[in-house]
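Here is a short briefing to keep beside the model as you look around it. Have the sequence and the 3D view open, and take the topics in any order you like.

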Amino acid sequence: MMNFFKLTKATVAAPADPRDRGGPRQPMLIARNLRKHFPITGGLLGRTVASVRAVDDVSFAVRKGETLGVVGESGCGKSTLAKLLMHLVPPDSGELIFDGLEVGARDGLRLRDLRRNMQMVFQDSASSLNPRMPIEESVAYGPRVHGMGRAQARAHAISLLEQVGLPARLFAGRYPHELSGGQKQRVNIARALALDPRMLILDEAVSALDKSVEAQVLNLLRRLKAEFNLTYLFISHDLHVVQYISDRVMVMYLGEVVEIGPVERIYASATHPYTRALLASQLHADPRARVTEPPITGDPPNPVNPPGGCRFHTRCPFAETICSQTAPALTPLPAASEHVVACHMADPASGHTRAGAQARPGLVPSAFADTPGPDRTSKEGVRA
Amino acid sequence: MSEMTTNPSLAVPAPGEDVPRGERRSYWGNVRERLRHDPVTLFFMAVIVAAVGTAVLAPWVAPHDPYATSMLARLRPIGTEGHILGTDELGRDMLSRLIWGARTSLLMGILPVVIAVAVGGLLGVIAGFMGGAVNMIVMRTMDVFYAFPSVLLAVAISGTLGGGMGSGLLALTLVFIPSLCRIAETAASQIRSLDFVDAARASGAPVHSIILTHVVGNVLPPVLIYASSLISVSILLAAGLSFLGLGVSPPTADWGQMLSSLRQGIYMQPLVCALPGLAILIVSLSFNLVSDGLRQAMDIKA
Amino acid sequence: MTAPSKIVADPSQAAAAPLLEVENLHVDFISRAGRTPAVRDVSFGLAPGEVLCILGESGSGKSVTLRALMRLLPQGRSEIRGQVRFQGEDVLKMPRRALNMLRGARISMIFQEPMTALDPVFTIGDQIAETVIRHTGASREKAMARALELLELVRIPSAERRLKAYPHELSGGLRQRAMIAVSLSCYPQLLLADEPTTALDATVQIQILILLKQLQQDLGMGTIFVTHDLGVAAQIADKIAVMYAGRVVEYGSAEEVLLNPSHPYARGMLASTVSGQPRDRDIAAIPGSPPDMRNLPAGCAFAPRCAFATDLCHRSEPGLTQRGAFGHVSCHHVHRLDPPAPAGASVTTL
C-alpha cells in the first residue's frame, strides 16, 4: 500500500512499470461513446427546453506513454471531456476502460482508484489552489486523504515541489497569492503528481501563462513525463503548443471528434475541412506571412441544438446536401489507418462529389489554396 | 540562442522577487496586520472589550447591589453623592444596574449570533456545497423565515413561547439563522465551483474532508463580517423585546427593560432615564464600527 | 539617469505631420503602500495610417501605456508624467471638456472583453447612434442610418436586424465587430486596441485581425495595438515596441523586431515561442519570471534573467541605442552581442 507512494524515479530505469497490468499494447485509457448533455430548463415547471450537447458520442484511446493532444474551439466540449474522464461530472452514458479495467464495473476499477491513477492539472491557476492553504499542504492533501501520515506526506510534498522547480526552503510555506502564475501552475502539477498517477489530464494547463513562462512549463512537463513514466492527455486551443507536445492529435468540433491522427499527419495533411481551417487560422511570428483572407467565416455555432448532419456543414466551404442530412462516421483513411476522419469527402461511398479525392494525397480540395503561407510553411517544417 | 538556459531549477524567481520569510503571512496574518494599522477599529474594539470586561466582573465592579431599592432615594439626578449616575424609579443605583444590565444585554446580543453562526453557517455550507435537493430543502425552509420582518418574527416567537430570557435568546437565534445561512450558502456554492475543490475531489477526498479542509476556511470571512454586524442588531432587538416585556422579566437588570421601566420618570429625570439608551447606543455603535473595520481588513483577495 | 531621453525621429514622420508623439511617458500607481511605477520613460511616435504594436507580457505596462494616452487611469490613484501630443495638442494638459470631445471622436478605443465595454441594456444600434449624436449633433434618424452603415462596414451579416440586437444576443465574434463599429462611429484618426482578439477562438481571431487591418488601411487610421501574442503582432503591425518591466526595451519596424531582434529579452521571447520547435528538444525558455514592479532591481530590469548580463547591467539602467531607421534598443551590450540569429531562424521558415 505504502510503496504506492514511492517516488517513481526507479521506474525510469526499468522500462516495465510495476503498476502495469495490461501490457504495452493495452491502451492506458479507452473512452467509448462518452456522452454528456446539460439540460437547459425553462418555464415555471422547470421543464427541459433544450440541452447543451457538450460531449456527444466521443470515443478514443490513449496509448501508454504517449501524449494525445485535444484541440478545438470554445464550445467543442474539450473541457467537459476532461471532467467526464475524471468523473468530476458524471457522464450520461459511455464507458471508460483504464489499463484494461472498466471503471465502475463490478470486477473493474473503483472510481477512487481511477482517480489515484489519473490526475488532472487545471487551467486557471488562480482558482485551482486553496487561497487559505500553504502550497505544501495543498500538495500533501491528496496523499493525506489516501492515508499517508502527516510527516511522510509533508516530505513527499517537499520532494515534489523540488521536482517541479520550486525549492522548498523558499516556497513550501508560501500561500498562492505569493506566487506568480507560472509558479502556481508548477504547484498544480506537483499536486497532480502527489498520488503517483500514471496518466495526467492537462486542461489548458499552459494557456493562461505568459509565453516565456509557458515555454518553461512545457519543458517541465516534457521532463516529468519521462521521469515519472506518464501518459498525457493534453487539451489546448493553441495549435502550436499541441504540435510541440503531442504524439497524436484529436480534433473536436461541437462535442464530436472530427479527426484523430498522428501529429505529423494532422499538421501536414489534415483531411477534415475544419482541421484545415483551424490550421490555416494559426498565426505565425513572421510579418512576411500575413493571412489576408479568413480561412473560414463566422463563429463556432452554439452547442445548444447543434446543426444536424455533419455539425460543421454550416461553415464548411465544401458542404453539399449529403452533409446536412447524414452525420459522417469516423473512418480510417486508406492511406494511413492511424488517421481517422469524420467527413463525407473522405468516404468514397458517401455520394459527396469530392468523395475519395482526399484519400489520395495531393488531391486535397483547394479552397485553402488562396490562403498563402502559414499552414503550408508549417507543413514543410514538419516534413523536414 | 543556446545561451538561454533551460534548467528547470531556474523557475526560481530573480533574487529581487523573493518574499523575505519574515514578511510571509497567511490570510489571517494579513487580516491581523491590517487591523493593527486601523486606529478607529482598534479603539472601538477596546470599548467592546471594556464593556464585556465590566459585565463579566459585575459582582466586583458594581458599587451597590443592583436590586437594593430605596423608596427615599428615587430618581436622583446624575452626580448624586453615592450614586454617580443617579437612581432609578425604585431608588436602585443606576451605575450598578447598568453594569449588571450589561451582562444580560451583551449576552442577549452575542449568544444568539454565535449560535446562529454555528447552525446557519453549517446549514449554509452543506446546502451550498451539496447543491441539488439538499440545497432546495434547506434554502426554501430558510425562505419561509425570511418572509417575515425580523422584529415581527422575534416578537412572534418569544410571544408564543412566553417571555423570559430563554425564549428571547431562542427567538433571536431563529431570526438570525436564515440570513447567515444564506451568506454561507452563497460563499460555499461559489467555492464549490472553483478548481481547487475539483482537484480535491479528483484526489479522491471524501465530502466531509473537502468541506472541513477547503470550504469552511473560505466561507468563514464573509460569515464573520456579517455576523459582527448582526451583534448590534441583536442588542437592539433584545432591548426591544425587553422593552415590550417579552424578554428578561423584572427585576433582572437589562438595558432594554430598564429603558421601559424608566419611561415613567422621563419628565422628572430625563438624563438618568436616557442612560440605558445611551449604553445601548455606544455598544451597538461600537460593534457596527468594528464590523466595518473587519470588513475592510478581511476583504482581501489573498 | 544617464539615458538620453530624446529619441530619434522617424524619418517617415518628418515628412508627414506625426499623428501622435509620446515622450518620456511615466505612469505611477499610488496606493497606501506607496508608489509603484508601471510605465517608465516610454517614447514612440505614430504617423497617420500607421500600426504600432506594443508587445509585452502581463505586467509589462503595455495596457497602462495605452490607457495613459487617453488619460483613462483612475484619478488620484495614478500619476501620469511626460508628453502625449496628439496632432500637436498635449493630451495630458488638456482640460477635461476638450478631452471628452477627443475621446470617442478623434481617438477611440476597443477592449478585450466586448461584454464589459458594451452596455447590456441598450441595443447595438442605440449605442452607436448615441456616440454619433453626442459628437456630431446629428438627428436620430441620421445617426441610426450611420449605425447601419457602420455595422455593414464591419461586415456584420444581416446588419439591419442586428441593429436591434442586445450585446448578449450576439456571438463573441459579432460582439467584437459591434464594438469595433461603436469605436468607428466618428471616424477616429487614432484607434487604440487593447488585446481585442485575445478572448476569441482562432478561426474568429484571424477574421477580426484581417477586418481591423483592412478598416485601418481604408480609413487611414493610426492604430496602437496592445498584445502579448507575437503572431498577432506579425499579422497587423508596421512597427513594434517591446515592453518589459514598464520600459520599451526594443522599438523598430515589425520586420526588424520579429525577424532580427536585438534585445536579449526580445530574442528570448522569439526563441521561446513553441511554434515550429523541434518536438524532441526543450524550448529555449527565458529563465525566471518578470520582476516585481514594487521592488525593481537596480540597473537593467531584465538583467537577473539575462544570459548576457554583466556587472554593468546590474548597476546601471541602459540608455537607448539607435537601431535601424527610427528604432532603438535599450541594452548595454547591444553592440557586443553576437549578430542575431539569421532572419526567421526561430520562426517557421518560409
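What follows is a brief lead and then bullet points grouped by topic.

Please keep in mind that this is a predicted model. One good place to begin is the largest nonpolar core, which has 281 residues. From there we can visit chain B, a strand of chain C, the two domains of chain A, and the contact of chain C with chain A.

**The largest nonpolar core**

- Of the 281 residues in this core, those that touch the most other members are Leu233(A), Leu180(B), Cys53(C), Ala233(C), Ile240(C), Ala241(C) and Val242(C).
- Helix H9 of chain B, residues 207-243, gives the most to the core, with 16 residues.
- Domain 1 (2-246) and domain 2 (272-383) of chain A both contribute residues, so the core lies between these two domains.
- In soluble globular proteins, nonpolar side chains tend to be buried together.

**Chain B**

- Chain B holds 11 helices and zero strands, and its pattern along the sequence reads α-α-α-α-α-α-α-α-α-α-α.
- The radius of gyration of chain B is 25 Å, whereas a compact globule of 302 residues would have one near 19 Å.
- Along the principal axes, the C-alpha trace of chain B spans about 100 × 50 × 30 Å.
- Of the 302 residues in chain B, 42% are buried.
- Taking contacts in chain B between residues at least 6 apart in sequence, 71% join residues at least 24 apart.
- Leu180(B), one of the core members named above, touches Ala116(B), Val117(B), Gly120(B), Gly121(B), Gly124(B), Val223(B), Tyr226(B) and Ala227(B), leaving aside residues up to four places away in sequence.

**Strand S3 of chain C**

- Strand S3 of chain C, residues 51-55, is mostly covered, with five of its five residues buried.
- Val51(C), Cys53(C) and Leu55(C) point one way from S3(C), while Leu52(C) and Ile54(C) point the other way.
- This fits a broader rule: in a regular strand the side chains alternate between the two faces of the sheet.
- S3(C) runs parallel to strand S8 of chain C (residues 222-227), and five bridges join the two; here Cys53(C) stands opposite Phe225(C).
- S3(C) also pairs with strand S9 of chain C (residues 239-244), in the parallel sense and over four bridges.
- Leu55(C) has Val242(C) in S9(C) as its bridge partner.
- Cys53(C) and Val242(C) are both among the core residues that touch the most other members.

**The two domains of chain A**

- The domain assignment of chain A gives domain 1 (2-246) and domain 2 (272-383).
- Their contact takes 11 residues from domain 1 and nine residues from domain 2.
- On the domain 1 side, strand S2 (47-62) and helix H9 (239-245) of chain A each supply at least two residues, and S2(A) has the largest share, four residues.
- By class, this side of domain 1 has six nonpolar, three polar and two charged residues.

**Where chain C meets chain A**

- In this interface, 44 residues of chain C are in contact with 40 residues of chain A.
- On the chain C side, helices H8 (172-183), H9 (202-219), H10 (230-236), H11 (254-259) and H12 (264-271) each supply at least two residues.
- The largest share of that side comes from H9(C), with six residues.
- Sorted by class, the side of chain C that touches chain A has 19 nonpolar, 19 polar and six charged residues.

Key. Residues are numbered from 1 along each chain as its sequence is written. Chains are lettered from A and ligands numbered from 1 in the order in which they are written. This is a predicted model: local features need pLDDT of at least 70, side-chain atom pairs count only at pLDDT 80 or more; totals for chains, interfaces and linings use all residues. Two residues are in contact if their C-beta atoms, placed from the backbone, lie within 7 Å. Ala, Val, Leu, Ile, Met, Phe, Trp, Tyr, Cys and Pro count as nonpolar, Asp, Glu, Lys and Arg as charged, and the others, Gly among them, as polar. A residue is buried if 20 or more other C-beta atoms lie within 10 Å of its own, exposed if 12 or fewer, and partly exposed in between; C-beta atoms are placed from the backbone. Two strands pair if DSSP finds at least two bridges between them. The radius of gyration is taken over C-alpha atoms; the globule rule is 2.2 Å times the number of residues to the power 0.38. A nonpolar core is a set of buried Ala, Val, Leu, Ile, Met, Phe, Trp, Tyr and Cys residues joined through C-beta atoms within 7 Å. Domain bounds come from an automatic or database domain assignment.
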